[in-house]
Amino acid sequence: MKRKVLTALLSVAMVATMLVGCGGNDSAQTPGETPAPAESEAPAEDAAPAEGGEDAEAAAPAAGGEGGLIGVAMPTKDLQRWNQDGSNMEAQLKEAGYEVDLQYASNDIQTQVSQIENMISNGCKLLVVASIDGDSLGTVLAQAKEAGVPVIAYDRLIMNSDAVSYYATFDNYMVGTVQGEYIRDALDLENAEGPFNIELITGDPGDNNARFFFGGAMDVLQPYIDSGKLVVKSGQTSFEECATANWATEAAQSRFDAIIASNYSDGTNLDAVLASNDSTALGVANSLAANYTGEYPVLTGQDCDIASVKNMIAGKQSMSVFKDTRDLATQVVKMVDAIMKGGEAPVNDTESYDNGTGVIPSYLCEPVFADVNNYKELLIDSGYYTEADLQ
């Protein structure tokens, strides 16, 4: 079931969402159109340092805790959001009494496989895995299953493995609808005559989330494209055409350099850019600064990375979907605790996420958007960032 998130309701509920944290959502999601994103965001400037080596060799587990050793596999330190996810997870697991083996894999699949193998051989009792490529961990996770080690897929669904016990993420379809509705409302598509020019960019094809982000946004925007009110001058509208390997900023910038040169170098206005996350949005912003002379477009994003929040304040990015990773870490710790005590993890979705071996019980946290009007309330007053971080 595809859901529409009314922007008016989001605005009213925003403060409540921050107070409540992860919100329940039992509706099924379907990932709109075609393939997915590749992820690579802005460098993790000012990000809190996260423990764990980036080499294939597993680092020694962090000390402290009597609840057992938990392995936490993160994809890379190159993106700010993964540093925050890893450090939040480690801190909250330690506080709950667990030892933690936190590893970062430098966006190298074989490195992540080796790290997970080491976690299993070193006696980890449970694995929390944010995969680099959701289709590449089947063999090593089969080892986990054979060893009786439960697996929680973190933020990115691990595909085609029956070793995955649970999935914890944000409501990824809602992320896309929030972005699409922001563009709809910013351009007043319901009332304005148009036409308006729009271009699209999403994430890594190996990241299942990208399909949900893009699908949710396109469910909002496609009717306006079909009616001619929104025009994609490049003609690039399929997921495959709009995907960005590894979510890489440089790849996003290179693609938009070509789009601008072919379609907007004559002064034609680009009115909006749907960017699925902040690393791709940063690439778009860099390309606009170097090549574009028209009126600045509405530009979406996701993750509220520091570089993109600074761009938002400077008028170079319109919004970013805020996913408070502290809330997601809190929920994952609850799931870990329940499993380690012999129970079932709390979930709020048992319909949406089929990884090819069956539907994975999931917990979905609700995202909200930040823009220049509310970022202080969401990001600074909540303690997520300080004023100094955004200077």
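Buried means under 20% relative accessible area, exposed means over 50%, and partly exposed lies in between (1.4 Å probe, protein chains only). By that cut-off, 13 of the 15 residues of helix H5 are buried, so H5 is largely enclosed by the rest of the structure.

This is a predicted model, in which local features need pLDDT of at least 70, side-chain atom pairs count only at pLDDT 80 or more, and totals for chains, interfaces and linings use all residues. Residues are numbered from 1 along each chain as its sequence is written, and side-chain values use heavy atoms, with hydrogens and water left out.

## Overall make-up

The protein has twelve helices and twelve strands. Both are DSSP runs numbered from the N terminus: helices are H or I with at least four residues, strands are E with at least two. Of its 391 residues, 58% count as buried. A contact means heavy atoms within 4.5 Å. Among contacts with a separation of 6 or more, 79% come from residues 24 or more positions apart.

## Helices H2 and H5

The expected span of a helix is 1.5 Å times one less than its number of residues. Helix H5 covers residues 172-186. Its 15 residues should span 21 Å, and the end C-alpha atoms are 21 Å apart, which agrees. Just after H5, Asp188 takes a positive phi of about 55°.

Helix H2 has 16 residues. From first C-alpha to last, H2 reaches 23 Å, close to the 22 Å expected. Of the 16 residues of H2, 13 are buried, so this helix too is largely enclosed by the rest of the structure. Gly97 follows H2 and has a positive phi, near 100°.

## Salt bridges

A salt bridge is a side-chain nitrogen of Lys or Arg within 4 Å of a carboxyl oxygen of Asp or Glu. The structure holds nine of them. The table lists some, including two in H2.

| Pair | Closest N to O | Placement |
|---|---|---|
| Arg81 and Asp85 | 3.1 Å | helix H2 (residues 80-95), four residues apart |
| Glu90 and Lys94 | 3.9 Å | helix H2, four residues apart |
| Asp207 and Arg156 | 3.1 Å | loops, 51 residues apart in sequence |

Take the H2 pairs in turn. Arg81 and Asp85 are four residues apart in the helix, so about one helical turn separates them. Both Arg81 and Asp85 are buried. Asp85 has a relative accessible area of 0%. Not counting residues up to four places away in sequence, Asp85 touches Met74, Tyr154, Thr325 and Leu328.

Glu90 and Lys94 are also about one turn of the helix apart. Their exposure is given by two values. Glu90 counts as buried because its relative accessibility is 7%. Lys94 is partly exposed, with a relative accessible area of 29%.

The salt bridge between Asp207 and Arg156 has its closest N and O atoms 3.1 Å apart. Asp207 lies in the loop between strand E6 (196-201) and helix H6 (208-227), and Arg156 in the loop between strand E4 (151-154) and strand E5 (164-170), so the pair ties together parts that are 51 residues apart in sequence. Asp207 is buried, with a relative accessible area of 3%. Arg156 is buried at 4% relative accessibility. Elsewhere, salt bridges that share partners join Arg81, Asp85 and Asp155 into one network.

## Packing of H3 and H4

Helix H3 (residues 109-121) packs against helix H4 (residues 138-146) at an angle of about 10°. Their axes are 9 Å apart. Axes are lines fitted to C-alpha atoms, for helices over the stretch in contact, and angles run from 0 to 180 degrees between N-to-C directions. Angles under 35 degrees count as roughly parallel, over 145 as roughly antiparallel, 65 to 115 as roughly perpendicular and the rest as oblique. H3 and H4 are therefore roughly parallel to each other.

On the H3 side, the contact is made by Val113, Ile116, Glu117 and Ile120. On the H4 side, it is made by Val140, Leu141, Gln143 and Ala144. These residues divide into six nonpolar, one polar and one charged. Here Ala, Val, Leu, Ile, Met, Phe, Trp, Tyr, Cys and Pro count as nonpolar, Asp, Glu, Lys and Arg as charged, and the others, Gly among them, as polar.

## Phe369 in strand E12

Phe369 lies in strand E12 (residues 368-371). Phe369 is buried, with a relative accessible area of 7%. Phe369 and Phe322 are 47 residues apart in sequence. In space, their C-alpha atoms are 5.3 Å apart.
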